[in-house]
Amino acid sequence: MTFSDIFKSSFLEKVTTFSVLDTAIALALSFVVGLFIYFVYKKTFNGVMYASSFGISLIGLSLITTLVILAVSSNVILSLGMVGALSIVRFRTAIKEPLDIVYLFWAIASGIVFGAGLIPLGVIGSLLIGIVLLVFGNYRTSENPYLLVVNCDTEETERQVKETVQNQVKKQMVKSKTVSSKGIEMTIEVRLKEMSTDFINRIASMPGVGNAVLVSYHGDYMG
């Protein structure tokens, strides 16, 4: 063994096969598409509490996936080791909105595509997915459902409330009705006319009505 053999390393020799330009291009495109995914997510979010950390994680997920694909695509042995390492990872974060899963897979898929060097597929596919989500994600924003909770003393008051609601909203459906010694509590799903809530004041001022509460509802829509 000579003196030069001591400094020879297969690990250092792999640096010569590393392309800085290809990596920079892939990560830059992945970052731009990650920002686009974050923008679409922010525009189509319809949940109760918006978390900016989830949107930022979409950008990071796209970049990290690109980096992983760049690494495993150049070495078969490394790819097998990466699969084994990722198989033991367990994610415990709960997904609150079903649509969030779409954005997670979108970020991962874009990272895989750019890491594999399929730039046209990643750009065109991300644009089409973004347009579809923007169109259908905001399709029902003009008719968001609301829940109207009213406490009535008698059945006659209940009938008057139902008539008032029917005349003042586009659609209405009784979701639940609770009868007790204190009176009647109704929960009605409604669609507002021109987003006007003035009829709530009239219902609350009706004789026999204890209180009237209108809250935004993001559950299943009426047909």
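**Exercise 1. Describe how helix H3 meets helix H4, beginning with the handedness of their crossing.**

Solution. In this predicted model, the crossing of H3 and H4 is right-handed. The next step is the geometry: the axes of H3, which spans residues 20-44, and H4, which spans residues 52-72, come within 9 Å and cross at roughly 155°. Since angles over 145 degrees count as roughly antiparallel, H3 is roughly antiparallel to H4. The third step is to list who takes part: H3 contributes Thr 23, Ala 26, Leu 27, Ser 30, Phe 31, Gly 34, Leu 35, Ile 37, Tyr 38 and Tyr 41, while H4 contributes Ser 52, Phe 54, Gly 55, Ile 56, Leu 58, Ile 59, Ser 62, Leu 63, Thr 66, Leu 67 and Leu 70. Sorted by class, the contact of H3 with H4 holds 14 nonpolar and 7 polar residues, and no charged ones.

**Exercise 2. Determine the relative direction of H4 and H6, and give the make-up of their contact.**

Solution. Start from the axes, which for H4 and helix H6 (residues 98-115) come within 7 Å and cross at roughly 30°. Angles under 35 degrees count as roughly parallel, and H4 and H6 are therefore roughly parallel to each other. Their crossing is right-handed. On the H4 side the contact uses Phe 54, Leu 58, Leu 61, Ser 62, Thr 65, Thr 66, Ile 69 and Leu 70, and these meet Asp 100, Tyr 103, Leu 104, Ala 107, Ile 108, Ser 110, Gly 111, Ile 112, Phe 114 and Gly 115 in H6. By class, the residues of this contact divide into 11 nonpolar, 6 polar and 1 charged.

**Exercise 3. Classify Gly 60 and Ile 56 as buried, partly exposed or exposed, and relate each to a residue elsewhere in the sequence.**

Solution. Gly 60 lies in helix H4, and so does Ile 56. The relative accessible area of Gly 60 is 27%, which makes this residue partly exposed, because that class runs between the 20% and 50% cut-offs. For Ile 56 the relative accessible area is 52%, so this residue is exposed. Turning to distances, Gly 60 and Ile 108 stand 48 residues apart in sequence, with their C-alpha atoms 9.9 Å apart in space. Ile 56 and Gly 34 are separated by 22 residues in sequence and by 8.6 Å from C-alpha to C-alpha.

**Exercise 4. Work out how H6 packs on helix H7.**

Solution. H6 and H7, the latter covering residues 119-137, pack at an angle of about 165°, with their axes 9 Å apart. H6 and H7 are therefore roughly antiparallel to each other, and H6 passes H7 in a left-handed crossing. The contact draws on Leu 99, Val 102, Tyr 103, Trp 106, Ser 110, Val 113 and Phe 114 of H6, together with Ile 119, Leu 121, Gly 122, Val 123, Ser 126, Ile 129, Gly 130 and Leu 133 of H7. These residues divide into 11 nonpolar and 4 polar, with no charged residue.

**Exercise 5. Place these helices within the protein as a whole.**

Solution. The protein has 9 helices and 4 strands, which follow the pattern α-α-α-α-α-α-α-β-α-β-β-α-β along the sequence. Of its 223 residues, 29% are buried. The accessible surface comes to about 14600 Å², and 65% of this belongs to carbon and sulfur atoms. Finally, among contacts between residues at least 6 apart in sequence, 72% join residues at least 24 apart.

Methods. Residues are numbered from 1 along each chain as its sequence is written. This is a predicted model: local features need pLDDT of at least 70, side-chain atom pairs count only at pLDDT 80 or more; totals for chains, interfaces and linings use all residues. Side-chain values use heavy atoms; hydrogens and water are left out. Axes are lines fitted to C-alpha atoms, for helices over the stretch in contact, and angles run from 0 to 180 degrees between N-to-C directions. Helices (H or I, at least four residues) and strands (E, at least two) are DSSP runs, numbered from the N terminus. Angles under 35 degrees count as roughly parallel, over 145 as roughly antiparallel, 65 to 115 as roughly perpendicular and the rest as oblique. A crossing is left-handed if the near helix is turned anticlockwise from the far one by less than a right angle, and right-handed if clockwise. Contact means heavy atoms within 4.5 Å. Ala, Val, Leu, Ile, Met, Phe, Trp, Tyr, Cys and Pro count as nonpolar, Asp, Glu, Lys and Arg as charged, and the others, Gly among them, as polar. Buried means under 20% relative accessible area, exposed over 50%, partly exposed in between (1.4 Å probe, protein chains only). Accessible areas come from the Shrake-Rupley method with a 1.4 Å probe; for residues, only the protein chains shown count as cover.
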